[in-house]
Amino acid sequence: MQGSMKRFDDWYGPYPYAQITVVDPPHGAGEAGGMEYPTFITGDTFWWAPKGQKLFPEVVTEHEFGHQYWYAMVATNEFENAWLDEGINSYTEVKVCDSLYGKNTSMINWMGGQFGDTDFQRMEYVGVAETDPLARASFTDMSFSSYGGVTYGKTATMLITLENIVGEDTLRRALHAYFMKYRFTHPTQEDFLRTVNEVAGQDLGWYWQQAVYGTQVLDYKVLKAESVRVDWANKDAPEEQKGVTLYQTNVLLQRLGDFVFPVTAEVKFDNGETIREKWDGADRWKRFVYVKKTQVLSVEIDPDHQITMDRDYLNNSIATEAHRGAIMKISTHWTFVTQFFAQMLSWLT
Ligand SMILES: [Zn+2]
């Protein structure tokens, strides 16, 4: 709790009241759960959640405290623009909890299992990626679950993905500017988007049109990664290259979704060489060709795992035969995680 207050004060602006009251409702209090009221929040502990291992009570407390900023002070319209409160609050929840508990351990760090809040928000978003735009009034969303996944998970995920364009620090400064300018007023989503544009010093309209006003799905795929021997054909090679084994490596990336976003691809070769390629992502596909003495080992889009709006992580990489094991491990992890979290998505309000 004190950690949350310190981060909010450092990053977004001062908490102006003399008091904050946190109540942990007694067991048997039914559906009390976590909830926000002005200068008053309820937490949510569980008998089966030992402190410091599964961090849900900590995350819920952070989340409800964050509402003191976005719901209580900035005070946007919950019905028309729910994402400005629950969504921005879910993003700041990720930032604060990652800072307090570690990026990959901010939700679960228990019995060898680790899971971060970024993954949790993305999991909520993935299931409803094609339903409602953020900019739609909450009462006209397709269903209650699409409202939840879009408002909380998609907003957090789209702001984390935006860090790739403007930088994490710039986005933090933009939230600070938005809070300081609009606290105790009732800003609209256009006020928020304009503030981010101004602080970032760029027109992000291309991103807002897709991520806020649209339902385009972001999905890039490694379609092909192969090396074929080409020195047979190298008859006109200079004398010193004669007899040298050469391979042509073809890498083909594909844009499966309608969401256009710049991506990086990492190409690894079996001599240890690694090349990072940039693609603006605009066309339906992009080819990279190399002629080398070495063969391709693997290709991975978004190697730093920052483009969280990419709906399907499993098609982001291809590995040649010897390296399939690593890819299988990743899919098994995600199957576990999907099943585990499918049960937990309605805990926060
Ligand atoms: Zn909330």
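Me: Contact means heavy atoms within 4.5 Å. By that cut-off, which residues does Tyr207 touch, not counting residues up to four places away in sequence?

Reply: This is a predicted model, so read every value as computed from it. Tyr207 touches Met158, Thr161, Leu162, Val212, Phe259, Phe261 and Met309. Two of these partners, Met158 and Leu162, also appear with Tyr207 in the list of residues with the most contacts inside the largest nonpolar core.

Me: How many residues does that largest nonpolar core have, and which have the most contacts inside it?

Reply: It has 65 residues. Trp70, Met158, Leu162, Phe192, Tyr207, Trp208 and Leu253 have the most contacts inside it. Helix 5 (residues 144-166) supplies the largest share of this core, seven residues. Apart from it lies another core, of nine residues, including Phe56, Phe115, Phe120 and Met123.

Me: Let me step back to the whole chain. What does the secondary structure come to?

Reply: Nine helices and 12 strands. The protein has 349 residues, and 51% of them count as buried. Now take the contacts with a separation of 6 or more: residues 24 or more positions apart account for 67% of them.

Me: How do I read a sheet? What is the order of the one that holds strands 1, 2 and 3?

Reply: Strands of a sheet pair through backbone hydrogen bonds, either parallel or antiparallel. Here three strands form an open sheet in the order 1-3-2, and the pairing is mixed. Strand 1 (21-23) and strand 2 (35-37) each have a single partner strand, so each has one side without a neighbour in the sheet. Neighbouring strands are turned by 15° against each other on average, direction ignored.

Me: How many bridges join strand 2 to strand 3?

Reply: Three, and the two strands run antiparallel. Strand 3 covers residues 40-42. One pair to pick out on screen is Tyr37 with its bridge partner Phe40 in strand 3.

Me: Which strands does helix 2 lie across?

Reply: Strand 1, strand 2 and strand 3. Helix 2 covers residues 56-73 and runs at about 150° to strand 3.

Me: Helix 2 also meets helix 3 (residues 82-101). At what angle do their axes cross?

Reply: At roughly 130°, and the axes come within 8 Å. The two helices are therefore oblique to each other. The crossing is right-handed. On helix 2, the contact residues include Glu58, Glu62, His63, Trp70 and Tyr71. On helix 3, they include Asp85, Ile88, Asn89, Val96 and Tyr101. Trp70 is also among the residues with the most contacts inside the largest core.

Me: Now the sheet with strand 12. In what order do its strands stand?

Reply: The order is 9-8-11-12. This is an open sheet of four strands with antiparallel pairing. Strand 9 (274-279) and strand 12 are at the edges with a single partner strand each, so one side of each lacks a neighbour in the sheet. The twist averages 15° from one strand to the next. Six bridges join strand 8 (residues 263-269) to strand 9. Among the residue pairs, Val267 has Ile275 as its bridge partner in strand 9.

Me: Last feature: backbone angles. What is phi of Phe184, and what is phi of His305?

Reply: Most residues other than glycine have a negative phi, and most peptide bonds are trans. Phe184 has a positive phi, near 65°. Find it in the loop between helix 6 (168-182) and helix 7 (189-200). His305 is positive as well, with phi near 55°. His305 sits in the loop between strand 11 (296-301) and strand 12 (317-319).

Me: How does His305 count for accessibility?

Reply: Partly exposed, at 47% relative accessibility.

Key:
Residues are numbered from 1 along each chain as its sequence is written. This is a predicted model: local features need pLDDT of at least 70, side-chain atom pairs count only at pLDDT 80 or more; totals for chains, interfaces and linings use all residues. Side-chain values use heavy atoms; hydrogens and water are left out. Two strands pair if DSSP finds at least two bridges between them. Axes are lines fitted to C-alpha atoms, for helices over the stretch in contact, and angles run from 0 to 180 degrees between N-to-C directions. Buried means under 20% relative accessible area, exposed over 50%, partly exposed in between (1.4 Å probe, protein chains only). A nonpolar core is a set of buried Ala, Val, Leu, Ile, Met, Phe, Trp, Tyr and Cys residues joined through side-chain atoms within 4.5 Å. Angles under 35 degrees count as roughly parallel, over 145 as roughly antiparallel, 65 to 115 as roughly perpendicular and the rest as oblique. A crossing is left-handed if the near helix is turned anticlockwise from the far one by less than a right angle, and right-handed if clockwise.
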